[in-house]
Amino acid sequence: MQRVLDLAVSTVLLAGLYATMAYGLGLIYGVLRLVNLAHAGVIMAGAYLGWLLHLELGLDPYLSIPLVVAASFALGVVVYLALVRHLPRGTAGGPSSLLLLFGVWLVLRNAAYLLFTGNDQVIRTGYSIRSLALLGGFVSLNRLAVFAVAVVVPVGLHLLLQRTFVGRAIRAVAQNADSCTLVGVDVQRVYAFTFGLGTALAGLAGLLSATLFSFNPSFGASELLKSFVVVVLGGLGSILGTGLAALVLAAVEVFAILVLPSYLTGAVGFVMLVAVLVLRPGGLFGQRVLA
Amino acid sequence: MPLLRVEGLTRRFGGLTAVDAVDLEVASGEILGVIGPNGAGKTTLFALIAGSLAPTSGRVWLEGELVSGLPAHRVVRAGIARTHQIVRPFQNLTVLENVHVAALAGARRKGGAPVALAEELVHTTGLSERARDYPSALTLAHRKRLELARALATSPRLLLLDEVIAGLNPAEAQQLAALIREIRARLGISIVMIEHVMPAVMSLSDRIAVLDHGKKIAEGAPAAIARDPAVIEAYLGTGAAAGAGAPP
Amino acid sequence: MRPGIAVVVPSWASPRAAAGFLVALAALAGAPALTDVYTHNLLTLTYLSVSGALAWNWMGGFAGQVSFGHAAFFGLGGFVAARLLLAGTVPAWAAWLAGGLAAAVVALSAHPVLRLRGPYFSIATIGVGEAARVLFTYWEGFTGGASGLSLPVAPELKLQLYWWALALLGVAVAGSYTIRRSTLGLKLLAIKSDVEAAADVGVSSAFQQDVTLVLSAGMIGLTGGLYASYFSYIEPNDMLGFDRSISFVLMAVIGGLGTILGPLLGAVVFVLVRQYLLASYPQLYLGLYGALLIAIILFEPLGLTGLLLRLARRFGYRDRPDLAPGASAVKPAPAAAERR
């Protein structure tokens with residue numbers, strides 16, 4: 001019983017991280033109709049940035065959140081304005097956008113490799129190995145902190161989308177970009193902002209992951225896939241749905257560790273991806289726009 | 001047995017019922033006109049019959065065979081072809097290639113060589129001059145003919161024409177109308193046509209069905225439909241039925 | 001199957017061009033008499049890369065379904081062939097064919113994934129590719145695990161591989177043209193243009209893509225088999241790795257997605273660049289390709305082939321007014337920055 005409780009706690013904590021990762025991908029898809037393959041690269045970049053700040057400046061990862069988020073946001077905006085914006089109309093779903101963003105991912109990967117070598121890194125702080133007694137078991141302090149951040153994210157996102165002008169603009173553009181131009185909304189600005197917001201969330205997720213897992217320049221691929229699983233499963237535009245989907249994915253993973261031999265657990269995410277995509281043919285995308 | 005039988009065909013999108021329990025029959029060799037105000041569900045009806053959309057309920061039979069629920073490409077093989085309201089030619093293929101692709105299905109249905117079938121249809125629809133052009137180089141009138149040629153290339157028993165005449169000038173419209181008559185006469189294909197251009201649909205159709213808000217509100221000979229109060233009301237609003245006369 | 005009408009192909013694919021190609025093949029076949037071992041082997045590797053890129057292009061370029069997981073088929077073919085070669089029961093060519101066949105058969109089971117469109121398909125292939133790699137890495141009985149398999153390859157075979165690889169290249173090129181000019185090619189083009197309109201004229205995108213994948217997988221599996229013999233050592237992380245999958249994408253796209261010359265050019269460039277870059281700047285090449293990819297998407301969607309075409313047009317070469325053969329899945333960017 002205690003074991004189950006431990007697993008449940010693990011699941012919830014992991015789900016928080018997955019949800020944070022997924023929001024970034026989902027936001028960009030929901031508004032720009034782009035599948036951002038560079039999501040993986042930005043997650044990796046966020047991890048490295050946090051690690052670098054920690055290494056060089058001794059900055060605690062949780063304190064560096066604003067910096068990493070800002071930098072990731074800036075990166076996204078730049079990528080959008082310099083590259084994505086120039087994609088021809090109507091190619092959003094086609095290979096062009098995929099390949100373009102894939103190119104960005106490759107560049108990011110290579111940059112990290114050049115700067116930091118291919119060795120595995122991780123962010124270790126004083127409290128990395130400390131745990132807290134919770135519900136009869138011990139929970140890593142770090143995981144709790146990650147979860148705390150992960151809970152704040154959807155709340156913040158919800159407030160942004162519902163209560164601010166920018167948020168309304170985003171939702172409007174997601175529903176009907178053409179009409180927005182007619183009423184004077186600068187659609188390109190909204191796109192750039194949204195893209196940046198998506199990458200900001202990815203960078204944040206990367207930073208958080210860096211405190212939990214080791215990473216190298218190739219980091220991000222399976223995170224990309226898991227984000228995709230969560231977005232497809234959770235339905236677009238539903239912050240709650242994303243959270244639930246993240247729980248499902250995390251639950252499957254955590255319990256798979258129990259059942260499967262260790263070397264296969266890595267494939268769980270992939271299998272779930274294929275299963276989710278195949279069982280929901282055509283994707284859920286387009287069913288709901290940002291509400 | 002009627003060529004096409006539609007029974008209780010319904011399609012809902014969330015809260016909206018686009019097509020509401022429509023019953024239709026089309027006899028072999030008949031031209032049935034389908035009219036109705038914008039948003040009445042006419043194109044959705046076509047999509048349901050052609051298999052592009054799955055019905056929420058109801059069924060469609062072609063020559064006694066159930067075709068509702070089949071995917072679009074199977075429906076084509078069964079013998080129903082459609083054109084689109086906004087033409088959708090394959091931009092990366094020439095006119096002849098466009099028709100050729102469709103003729104692959106047509107030749108499977110009727111036998112013969114796809115190439116020959118395609119060439120013949122390009123000729124019949126008056127596109128021989130443009131056979132090697134790309135759709136982007138064609139006028140709208142020619143693109144509509146291409147759409148038609150492509151549909152015909154599948155050797156259908158039933159052809160669904162979605163506003164093929166709209167957008168053409170009177171001369172082009174005349175030519176296309178003549179072509180449609182020829183299709184029925186020479187190829188023996190039955191036709192259901194959605195049209196807003198009243199003179200055309202009135203003169204071409206043997207019978208007319210009227211849709212409004214997804215429901216069929218009237219059906220009969222063109223002359224009778226023109227005088228039907230329910231039809232007039234659907235188009236012009238309540239009170240307009242008081243003055244009997246031809247619809248706009 | 002062959003349409004007698006003008007499925008317009010540029011003049012360099014006419015009977016004259018075919019003859020020219022055969023002459024080139026013959027010349028290449030005779031080349032080893034004039035070259036040293038290093039060049040000989042480099043050429044062999046190039047031929048294999050070209051075949052792989054062309055095979056990938058059948059799915060990515062002709063069918064417009066970009067796969068990031070083709071290494072799975074490559075590796076499957078390679079390991080099946082390697083196992084058979086190790087058992088020593090069949091001649092090399094039979095082992096390679098078996099590899100190709102195995103890959104083609106497995107491709108049949110990929111039908112559910114093929115029903116996915118565009119980006120969903122591509123992302124799913126990342127998952128499939130990685131799952132396959134994990135599976136192969138730990139299936140020690142079959143693949144030797146992370147240590148892989150060592151093949152005792154007779155030295156003559158390595159030399160002969162040159163001609164086998166050249167023959168494979170010939171098959172890949174011929175196959176590409178056959179598909180392109182056949183009714184399958186026509187249907188694929190229609191599907192790429194408008195999958196729903198294609199269905200409305202009786203073309204089942206799922207079925208056509210199934211067929212294309214089986215061909216593509218089989219061809220790349222076959223290539224994997226020869227590759228195994230060439231290197232006489234293979235291991236799962238290399239054969240089925242993401243980088244391997246990426247290499248096929250890069251070769252085809254940089255050369256010219258959807259064209260036939262494209263994967264050929266792209267593979268040649270890829271192999272050459274890799275050889276020389278690997279010496280001086282070992283880890284730069286992925287980033288370089290990433291940047292190239294970006295440039296291609298934005299400026300010249302048909303990659304190197306597109307650049308060549310532009311050059312050729314300057315000299316009066318008259319091509320289709322539309323895009324080049326196999327109307328690239330990638331559309332060119334308009335002159336002004338357009339709203340997406």
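**Exercise 1.** Determine the handedness with which α2(A) passes α3(A), then describe the packing.

*Solution.*
Step 1. α2(A) passes α3(A) in a right-handed crossing (the near helix is turned clockwise from the far one by less than a right angle; anticlockwise would be left-handed). This is a predicted model: local features need pLDDT of at least 70, side-chain atom pairs count only at pLDDT 80 or more, and totals for chains, interfaces and linings use all residues. Residues are numbered from 1 along each chain as its sequence is written, and chains are lettered from A and ligands numbered from 1 in the order in which they are written.

Step 2. Helix α2 covers residues 39-57 of chain A, and helix α3 covers residues 65-82 of chain A. Their axes lie 10 Å apart, at an angle of about 140 degrees.

Step 3. α2(A) and α3(A) are therefore oblique to each other (not under 35 degrees, roughly parallel; over 145, roughly antiparallel; or 65 to 115, roughly perpendicular).

Step 4. List the contact (C-beta atoms, placed from the backbone, within 7 Å). α2(A) gives A:V42, A:A45, A:G46, A:L49, A:G50 and A:L53. α3(A) gives A:L67, A:V68, A:A71, A:S72 and A:L75.

Step 5. Sort these residues by class: eight are nonpolar, three polar and none charged. Ala, Val, Leu, Ile, Met, Phe, Trp, Tyr, Cys and Pro count as nonpolar, Asp, Glu, Lys and Arg as charged, and the others, Gly among them, as polar.

**Exercise 2.** Find which of the two touching pairs of chains has the most contacts.

*Solution.*
Step 1. Chains A and C have the most contacts of the two touching pairs.

Step 2. Chain A and chain B do not touch. Their nearest C-alpha atoms are 11 Å apart.

Methods
Axes fitted to C-alpha atoms, helices over the stretch in contact; angles between N-to-C directions. Helix = DSSP H or I, 4+ residues; strand = E, 2+ residues; numbered from the N terminus.
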